[in-house]
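Student: I should like to go through the reasoning behind several structural labels. May we set each value against its criterion?
Tutor: Certainly; let us begin with the structure itself.

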Amino acid sequence: VPPALRPQLTPPPRRGSLGATLTEVSDLQAIIVEGIRPLRRKEYHQLAELGAFEDEEVELLYGVLVPMSPIGPPHCGAVERLNELFVTQLAGKARVRVQMPVAASDESEPEPDLVIASRDEDAFLDHPARPLLVVEVAETSLSKDRGVKARLYAECGVPEYWIVNVGQRVLELYSQPVAGDYQSTRVLGPGEIARPEAFPEVEVP
């Protein structure tokens with residue numbers, strides 16, 4: 001066969017070569033996009049019972065294990081103050097949960113900083129699915145709290161969502177969830193008083 005008509009055979013790239021690396025990365029991206037099934041809450045709990053996350057702080061968001069941000073003193077101080085205000089004013093009216101899970105969906109179990117939940121839900125059967133108010137304190141997690149967390153809480157019907165923006169010293173209030181988005185947004189600065197919509201008699205200065 002004349003050389004010009006011979007089929008050109010390209011040997012496979014050697015392990016560790018640039019060609020192999022690019023191919024593997026491309027295949028991996030395809031698998032991530034198309035082939036990974038979201039983790040479900042039931043499976044997440046089973047893994048936790050087996051000790052899979054003993055040395056990790058994670059939460060389940062849309063079937064993905066997401067690392068939780070470290071908690072600094074300003075974050076702790078905000079959580080402690082809000083907890084005291086809510087517990088004092090909501091005694092006998094609602095449950096105040098601090099850094100405990102929310103059963104948002106079959107594939108999501110976030111752990112917000114504070115939750116006001118109805119007393120009608122049995123806390124011994126499951127985590128609350130539709131809290132009356134969710135509060136996240138954002139020190140290093142502002143983009144996540146404004147983005148994926150806000151979308152998730154709106155999708156699962158949380159009527160009101162607050163973000164304590166530690167860096168800017170403001171309180172962001174989101175309400176009226178429609179199709180995964182909050183239609184109403186307000187920002188309160190120092191000295192202004194916030195009132196949960198479910199309990200307007202409660203004051204958070």
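Student: Which exposed residues does the face of H3 turned away from its buried side carry?
Tutor: The model is a predicted one. On that face of H3 lie the exposed residues Pro-73, Glu-80, Glu-84 and Thr-88. The label "exposed" requires over 50% relative accessible area.

Student: How do you know that the buried residues of H3 line one face of the helix?
Tutor: The buried residues are His-75, Ala-78, Val-79, Leu-82, Leu-85, Phe-86 and Leu-90. Viewed down the axis of H3, they fall within an arc of 135°, and therefore they line one face.

Student: What do the buried residues of H3 pack against?
Tutor: They pack against strands E3 (95-98), E4 (114-117), E5 (133-138) and E6 (160-165).

Student: How does the reach of H3 stand against the span expected at 1.5 Å a residue?
Tutor: H3 comprises residues 73-90, 18 residues in total, and reaches 25 Å from its first C-alpha to its last. The expected value is 26 Å, so the reach is close to expectation. Just after H3, Gly-92 adopts a positive phi of about 80°.

Student: Why is Glu-59 counted as buried?
Tutor: Its relative accessibility is 2%, and the cut-off for buried is under 20%, so Glu-59 counts as buried. Glu-59 belongs to strand E1, residues 58-61.

Student: What makes the pairing of the side chains of Glu-59 and Lys-149 a polar contact?
Tutor: The contact between these side chains is 3.2 Å, and the definition calls for a pair of N or O atoms within 3.5 Å, so the distance satisfies the limit. A polar atom of the Glu-59 side chain also lies 2.9 Å from the backbone nitrogen of Glu-111.

Student: What makes E6 mostly covered?
Tutor: Six of its six residues are buried. Glu-160, Trp-162 and Val-164 point one way, whereas Tyr-161, Ile-163 and Asn-165 point the other way. In a regular strand, side chains alternate between the two faces of the sheet.

Student: How do you know that E5 and E6 pair?
Tutor: Five bridges join E5 to E6, and pairing needs at least two, so the criterion is met. These two strands run parallel, and Val-135 has Trp-162 as its bridge partner in E6. Together with helix H4 (residues 142-155), E5 and E6 make a right-handed β-α-β unit.

Student: How many bridges join E6 to E7?
Tutor: Six bridges join E6 to E7 (residues 170-178), and the two strands run antiparallel. Ile-163 has Glu-172 as its bridge partner in E7.

How values were computed: Residues numbered from 1 in each chain as written. Predicted model: local features only at pLDDT ≥ 70, side-chain atom pairs only at ≥ 80, totals over all residues. Heavy atoms only, no water. Helix = DSSP H or I, 4+ residues; strand = E, 2+ residues; numbered from the N terminus. Buried < 20%, exposed > 50% of the residue type's maximum accessible area, 1.4 Å probe, protein only. Arc of directions from axis to C-beta. Contact = heavy atoms within 4.5 Å. Right-handed = clockwise from strand over helix to strand, strands pointing away. Polar contact = N/O pair within 3.5 Å; in protein donor to acceptor, adjacent residues only side chain to side chain.
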